[in-house]
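Colleague: Please take me through how to read a model of this kind, one feature at a time, with the general idea before each case.

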Amino acid sequence: MNMRTVERMRRLGWIVFAAMWVPFTCVFAGMVAEFGGWGRQLAASFPLLLAPNADGFSTLSGVAFVMTFGAMFVSMGLLLGAPLLAAIANRRLACGGTLARATIKSAAQTGTYINDNPVVRFELEVQPVTGGPFDAEAELLVQLIEIPKFQPGKEVAVRYDPVTLEVAISREPLP
């Protein structure tokens, strides 16, 4: 699981979350017959869509209700699943990756905080012991007290997969 996939999951989660509000408003638009006078006339003009059925809901309200909750579950799955998958990938690399040295090119907050500590996305230039240097991205939960250690230009230890070139920042001493 690379960082681009995690970022795509996050973005798609926010898009689905934003789009969820369209069917949410349609739930209330389907209740137009409840407004009386003009609402009943409008519902009579579109009986298949707006007229209340035996349950008191219109077809529009029922379908929109289901779509709203479906979109909510999908967006929450994407938004909560992205950091979980990133953590699993980092753990896998930390246990079995090849140790190397990397220079931090840039650091940016992801917007995620865990116990008031930011998850930071780093752009790195990795210098493996064998082979040429390569650019990579990694995310790390950085304690507030550790922020000076993870500034652009600083060197950090990383573990990487030589096949996929995925990288996880390690808290080990530099090689």
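Modeller: Let us begin with accessibility, where a residue is buried under 20% relative accessible area, exposed over 50% and partly exposed in between (1.4 Å probe, protein chains only).

Colleague: Is Asp135, then, buried or exposed?

Modeller: Asp135 counts as exposed because its relative accessibility is 53%. Bear in mind that this is a predicted model, in which local features need pLDDT of at least 70 and side-chain atom pairs count only at pLDDT 80 or more, while totals for chains, interfaces and linings use all residues. Residues are numbered from 1 along each chain as its sequence is written, and side-chain values use heavy atoms, with hydrogens and water left out.

Colleague: With which side chain does Asp135 meet in a salt bridge?

Modeller: Side chains of opposite charge can pair when their charged atoms come close. The rule for a salt bridge is a side-chain nitrogen of Lys or Arg within 4 Å of a carboxyl oxygen of Asp or Glu. Here the partner of Asp135 is Lys105, at 3.1 Å from N to O. Because Lys105 lies in strand S1 and Asp135 in strand S3, the pair ties together parts that are 30 residues apart in sequence. Lys105 itself is partly exposed, since its relative accessible area is 41%. As for the element names, helices (H or I, at least four residues) and strands (E, at least two) are DSSP runs, numbered from the N terminus.

Colleague: How many salt bridges does the rule give, and which side chain does Arg11 meet in one?

Modeller: The count comes to eleven. Arg11 meets Glu7 at 3.6 Å, N to O, and both of these residues lie in helix H1 (residues 3-19), four residues apart, or about one turn of the helix. Arg11 is exposed, with a relative accessible area of 54%.

Colleague: Where do Glu172 and Arg159, another such pair, lie?

Modeller: The side chains of Glu172 and Arg159 come to 2.8 Å, N to O, in their salt bridge. Glu172 is in the segment after S5 and Arg159 in strand S4 (residues 155-160), so this pair ties together parts that are 13 residues apart in sequence. The two ends differ in accessibility, for Glu172 is partly exposed at 31%, whereas Arg159 is buried at 18%. Elsewhere, salt bridges that share partners join Glu7, Arg10, Arg11, Arg121 and Glu139 into one network.

Colleague: What is the phi of Asn115, and what is the phi of Asp116?

Modeller: Most residues other than glycine have a negative phi. Asn115 has a positive phi of about 50°, and Asp116 a positive value near 65°. Asn115 is found in the loop between S1 and strand S2 (117-127), where Asp116 lies as well. Asn115 counts as exposed at 70% relative accessibility, and Asp116 is exposed at 63%.

Colleague: Which residues make the nonpolar surface patch?

Modeller: A patch is built from residues with over 30% relative accessible area and no salt bridge, with like charges joined within 9 Å and nonpolar side chains (Val, Leu, Ile, Met, Phe, Trp, Tyr) within 5 Å; the areas come from the Shrake-Rupley method with a 1.4 Å probe, only the protein chains shown counting as cover for residues. Phe35, Trp38, Leu42, Phe46 and Leu49 make a patch of about 540 Å². Phe35 sits in the loop between helix H2 (21-29) and helix H3 (37-45), and it is exposed at 52%.

Colleague: How much space lies in the largest pocket, and which elements supply at least two residues each to its lining?

Modeller: On a 1 Å grid over the protein atoms alone, a pocket is an open set of points where a 1.4 Å probe fits, with protein on both sides within 12 Å along at least five of seven lines, and lining residues have an atom within 4 Å of a point. The largest pocket holds about 520 Å³. Its lining has 22 residues, of which Ala86, Ala87, Asn90, Glu139 and Leu141 lie nearest the centre. Helix H5 (59-96), strand S1 (98-114), strand S3 (134-141) and strand S5 (167-170) each supply at least two of the lining residues, and the largest share, seven residues, comes from H5.

Colleague: Where is Glu137, and how far apart in space are Glu137 and Ile104?

Modeller: Glu137 is found in strand S3 and counts as partly exposed at 28%. Its C-alpha atom is 9.7 Å from that of Ile104, although the two residues are 33 apart in sequence. By comparison, the C-alpha atoms of Ala29 and Phe73, 44 residues apart along the chain, are separated by 22 Å. Ala29 belongs to helix H2 and is partly exposed at 39%.

Terms used:
Points joined across faces, edges and corners; volume = space filled by probe spheres on them.
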